[in-house]
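This report describes one protein chain, from its overall layout down to single residues and ring pairs. The sequence and coordinates are shown below.

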Amino acid sequence: MTTIRPCSPADISKLNLCNLDPLTENYARKFYFDYLATWPTMFIVAENQRGHIVAYVMGKVEEDPDYMKIMGDKYLPWHGHVTALTVAPQYRQMGLAKQLTAQLDRACEQENAWFMDLFVRVSNTTAINMYKKMGRVVGYYSDDPAGGGTSEDAFDMRKSLPRDKHKRYIRENGENHRINPEDIYHA
């Protein structure tokens with residue numbers, strides 16, 4: 001039996017089982033603690049019966065600064081963002097990713113976000129297909145989203161939340177719409 005629950009400070013030291021995956025971003029401990037302190041309802045873990053963290057999702061709500069509104073359709077209003085989602089290899093195909101993202105979606109709905117987004121590497125076809133099955137669509141293609149010239153291209157996948165009744169922030173055929181790193185606001 002696996003339990004989905006909010007992350008606690010003690011859980012930060014138990015993420016190793018999930019973070020060993022080469023496709024999972026690893027961050028300094030301070031980063032995890034900052035997320036937990038700032039967005040406690042959006043850092044959610046899956047714990048197995050032995051007390052091991054076998055999956056987690058970290059998210060936040062954010063928006064671009066007002067001056068970015070001149071960028072037109074590149075401006076991002078108040079929205080939820082999946083910073084990290086990972087499931088330990090032996091716990092995949094059990095629906096944990098779906099449960100975690102659904103709970104994060106609900107937390108962002110409570111914050112009145114327009115949509116959810118996440119970045120996924122273009123080579124990670126397993127994740128792309130999983131996200132599509134969960135109702136996310138490719139919002140746009142980003143060449144080196146980190147802007148440092150060293151990272152892999154990524155898709156920005158989005159899912160409208162109830163506030164976005166007309167799916168204003170979802171772009172059809174987003175794979176064909178190229179966005180450059182300088183077009184994205186990096187806080």
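In which loop does lysine 167 lie? Lysine 167 is in the loop between β7 and β8 (178-179). The model is a predicted one, and this residue is taken up again under backbone angles.

## Overall layout

The chain has four helices and eight strands. Along the sequence they follow the pattern β-α-α-β-β-β-α-β-α-β-β-β. Of the 187 residues in the chain, 48% are buried.

The accessible surface of the chain is about 10100 Å², and carbon and sulfur atoms account for 51% of it. Among contacts with a separation of 6 or more, 66% are between residues 24 or more positions apart.

## Helix α4 and its cover

Helix α4 spans residues 125-133, and its buried residues include Ala127, Ile128 and Tyr131. These residues lie on the same side of α4, because they cover an arc of only 100° around the axis. Thr126 and Lys133, on the other side of α4, are exposed.

The cover over the buried residues of α4 includes three strands, β4 (79-87), β5 (115-121) and β7 (154-160). Glycine 135 follows α4 and has a positive phi, near 90°.

## Strands β5 and β7

Two of the strands that cover α4 also pair with each other: β5 and β7 run in the antiparallel sense, with seven bridges between them. One bridge joins arginine 121 to alanine 154 in β7.

Strand β7 is largely enclosed by the rest of the structure, because six of its seven residues are buried. In a regular strand, side chains alternate between the two faces of the sheet.

## Nonpolar cores

In soluble globular proteins, nonpolar side chains tend to be buried together. The largest nonpolar core in this chain has 30 residues, and those with the most contacts inside it are Leu104, Cys108, Val120, Tyr131 and Met157. At least two residues of this core come from each of β2 (43-47), β3 (53-62), β4, α3 (96-110), β5, α4 and β7. The largest share is that of α3, with six residues.

What does tyrosine 131 touch beyond its neighbours within four places in sequence? Tyrosine 131 is in contact with Leu85, Leu118, Val120, Arg136 and Met157. Another core, of 13 residues, lies apart from the largest one; Ile12, Tyr32, Phe43 and Tyr56 are among its members.

## Aromatic pairs

The whole structure contains eight aromatic pairs. In one of them, phenylalanine 31 and tyrosine 32 have ring centres 6.4 Å apart and planes at 80°, so the pair is edge-to-face. Phenylalanine 31 is partly exposed, at 28% relative accessibility, whereas tyrosine 32 is buried, at 3%.

Tyrosine 32 also pairs with phenylalanine 43: the ring centres are 6.5 Å apart and the planes are at 40°, so this pair is tilted. The pair links distant parts of the chain, with tyrosine 32 in helix α2 (residues 29-38) and phenylalanine 43 in strand β2, 11 residues apart. Phenylalanine 43 is buried, at 1% relative accessibility. Ring pairs join Tyr27, Phe31, Tyr32, Tyr35, Trp39, Phe43 and Tyr56 into a cluster.

## Backbone angles

Most residues other than glycine have a negative phi. Asparagine 112 is not a glycine, yet its phi is positive, about 65°. Asparagine 112 is in the loop between α3 and β5. Is asparagine 112 buried or partly exposed? With a relative accessible area of 42%, asparagine 112 is partly exposed.

Lysine 167, in the loop between β7 and β8, is also a residue other than glycine with a positive phi, near 50°. Its relative accessible area is 52%, so lysine 167 is exposed.

Note on methods
Residues numbered from 1 in each chain as written. Predicted model: local features only at pLDDT ≥ 70, side-chain atom pairs only at ≥ 80, totals over all residues. Heavy atoms only, no water. Buried < 20%, exposed > 50% of the residue type's maximum accessible area, 1.4 Å probe, protein only. Arc of directions from axis to C-beta. Contact = heavy atoms within 4.5 Å. Pairing = 2+ DSSP bridges. Areas by Shrake-Rupley, 256 points an atom, 1.4 Å probe, with all protein chains shown as cover. Core = buried A, V, L, I, M, F, W, Y, C linked by side-chain atoms within 4.5 Å. Phe/Tyr/Trp six-rings, centres within 6.5 Å; stacked < 30°, edge-to-face > 60°.
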